[in-house]
Amino acid sequence: MIVAMKEPVISSSPRRERGLIVVAALLAIMQGSAAWRALHIPGEQVSLLPGLEAAAGAGWALAAAWVMVILLRRRPRARWYATGLLAGFALYSLGRLAVFAQADYDRQRLPFLAVATAAVLAVLVAYVARSAQVDTTEKELNGRKSQD
């Protein structure tokens, strides 16, 4: 009896993921260092509770590392996970600034930052949706069915 093993479904164009891998790696490094810094800075110098800031930084670092791994393994929908990670982090950062902004300058720039964040996220989602469509077309042209 011959048992055929299924190959993992992978994306056909690794070049498109390189930028997302770099962004996920940078986010993991930045948030990991933010978590470390939150644990080593005296509590009166931060606006959040040090434990809460460390937990948030560690959570975002782990999420970014996970997304980076699935991008490196070229899993299906990895770009969508990366987009979700970036969208979630952008909204988290914007919300955190809105809640903890103390200076008038920070409060006055919130509307601009909200519009800029929405524009960047729209471009990112459009890019990922377009690249998924291109991958599907490439698979069909190569005689394979899309497995996404």
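Which helix does Val-22 lie in? Val-22 belongs to helix α1, which covers residues 15-40. The model described here is predicted.

## A nonpolar surface patch

Val-22 does not stand alone. Together with Leu-26 and Met-30, Val-22 forms a nonpolar patch on the surface. The accessible area of the three residues together is about 290 Å².

## Helix α2

Helix α2 runs over residues 50-72 and holds 23 residues. Its first and last C-alpha atoms are 32 Å apart. That is close to the 33 Å expected at 1.5 Å a residue.

Several α2 residues are buried. Among them are Glu-53, Ala-54, Ala-56 and Gly-57. Trp-60, Ala-61 and Ala-64 are also buried, as are Val-67, Ile-70 and Leu-71. Just after the helix, Arg-74 adopts a positive phi of about 60°.

## Aromatic pairs between α2 and α3

How many aromatic pairs does a search of the whole structure find? The search finds four. One of them joins Trp-60 and Phe-89 in an edge-to-face arrangement. The ring centres lie 5.3 Å apart, with 80° between the planes. Trp-60 sits in helix α2 and Phe-89 in helix α3 (residues 78-100), so the pair ties together parts that are 29 residues apart in sequence. Both residues are buried.

Trp-66 and Tyr-81 make a tilted pair. The ring centres are 5.4 Å apart and the planes meet at 50°. An angle between 30 and 60 degrees is neither stacked nor edge-to-face, so this pair counts as tilted. Trp-66 is in helix α2 and Tyr-81 in helix α3, so this contact too links distant parts of the chain, 15 residues apart.

Are Trp-66 and Tyr-81 buried or partly exposed? Trp-66 is partly exposed, at a relative accessible area of 47%. Tyr-81 also counts as partly exposed, at 41%. Both values fall between the 20% and 50% cut-offs.

## An aromatic cluster

Trp-60 and Phe-89 also belong to a cluster. Tyr-92 completes this aromatic cluster.

## Tyr-127 in helix α5

Tyr-127 lies in helix α5, which spans residues 110-141. Is this residue buried or partly exposed? Tyr-127 is partly exposed, because its relative accessible area is 36%. Thr-83 is 44 residues away from Tyr-127 along the chain. The C-alpha atoms of these two residues are separated by 9.7 Å.

Conventions
Residues numbered from 1 in each chain as written. Predicted model: local features only at pLDDT ≥ 70, side-chain atom pairs only at ≥ 80, totals over all residues. Heavy atoms only, no water. Helix = DSSP H or I, 4+ residues; strand = E, 2+ residues; numbered from the N terminus. Expected span 1.5 Å × (residues − 1). Buried < 20%, exposed > 50% of the residue type's maximum accessible area, 1.4 Å probe, protein only. Phe/Tyr/Trp six-rings, centres within 6.5 Å; stacked < 30°, edge-to-face > 60°. Patch = residues over 30% accessible without salt bridge, like charges linked within 9 Å, V, L, I, M, F, W, Y side chains within 5 Å. Areas by Shrake-Rupley, 256 points an atom, 1.4 Å probe, with all protein chains shown as cover. Salt bridge = Lys/Arg side-chain N within 4 Å of Asp/Glu carboxyl O.
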